[in-house]
Amino acid sequence: MICETCGREFTARRNDARYCSPACRQKAYRDRHAPVLARRFRLTDEMGQYLSAAEFRELQKLVARIQTKIDNNTTQSR
Ligand SMILES: [Zn+2]
């Protein structure tokens with residue numbers, strides 16, 4: 001068997017095994033869901049109603065930082 005995440009050959013205990021280790025399975029799961037998270041996590045003006053202008057700016061910065069990290073994660077895994 002070839003692991004779908006790292007491409008290493010491994011001996012599968014089960015016929016339907018696709019990954020060599022739990023870590024690789026986890027990574028595959030994260031990679032599959034990262035782009036979805038990036039799309040869904042969007043800042044709206046409505047959120048701003050509950051925050052002060054300064055807090056909202058801070059939140060925008062944090063969201064931008066999260067998006068960058070998700071994007072990096074997604075590109076590196078390819
Ligand atoms: Zn692997």
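**Notes on a three-helix predicted model**

1. Let's start with N15, which is exposed because just 6 other C-beta atoms lie within 10 Å, and the cut-off for exposed is 12 or fewer. N15 belongs to the segment before helix 1. Its C-alpha is 9.3 Å from that of M1, with the two positions 14 residues apart in sequence terms. Keep in mind throughout that this is a predicted model.

2. On to the overall layout. The chain has 3 helices and 0 strands, so if you walk along the sequence you read α-α-α. As for burial, 3% of the 78 residues count as buried. Among contacts with a separation of 6 or more, 32% link residues 24 or more positions apart.

3. F10 is another residue to look at in the segment before helix 1, the helix that covers 22-40. Is F10 buried or exposed? Neither label fits: F10 is partly exposed, because 14 other C-beta atoms fall within 10 Å, and that class sits between the exposed limit of 12 or fewer and the buried limit of 20 or more.

4. Which residues does F10 touch, once those up to four places away in sequence are set aside? They are M1, C3 and C20. For the F10 and C20 pair, the C-alpha atoms are 5.8 Å apart, while the sequence separation is 10 residues.

5. Inside helix 1, have a look at K27. K27 has 17 other C-beta atoms within 10 Å and is therefore partly exposed, as buried would take 20 or more. Its partner to check is T5: the two are 22 residues apart along the chain, yet their C-alpha atoms are separated by 7.3 Å.

6. Finally, confidence. The chain averages a pLDDT of 80, and 82% of its residues are at 70 or more. Where among the elements is the mean pLDDT lowest, and where highest? Helix 2 (residues 45-48) has the lowest, at 74, and helix 3 (residues 53-76) has the highest, at 80. The usual caution applies: where pLDDT is low, don't read the predicted coordinates in detail.

Definitions and conventions:
Residues numbered from 1 in each chain as written. Predicted model: local features only at pLDDT ≥ 70, side-chain atom pairs only at ≥ 80, totals over all residues. Helix = DSSP H or I, 4+ residues; strand = E, 2+ residues; numbered from the N terminus. Contact = placed C-beta atoms within 7 Å. pLDDT = per-residue confidence, 0-100.
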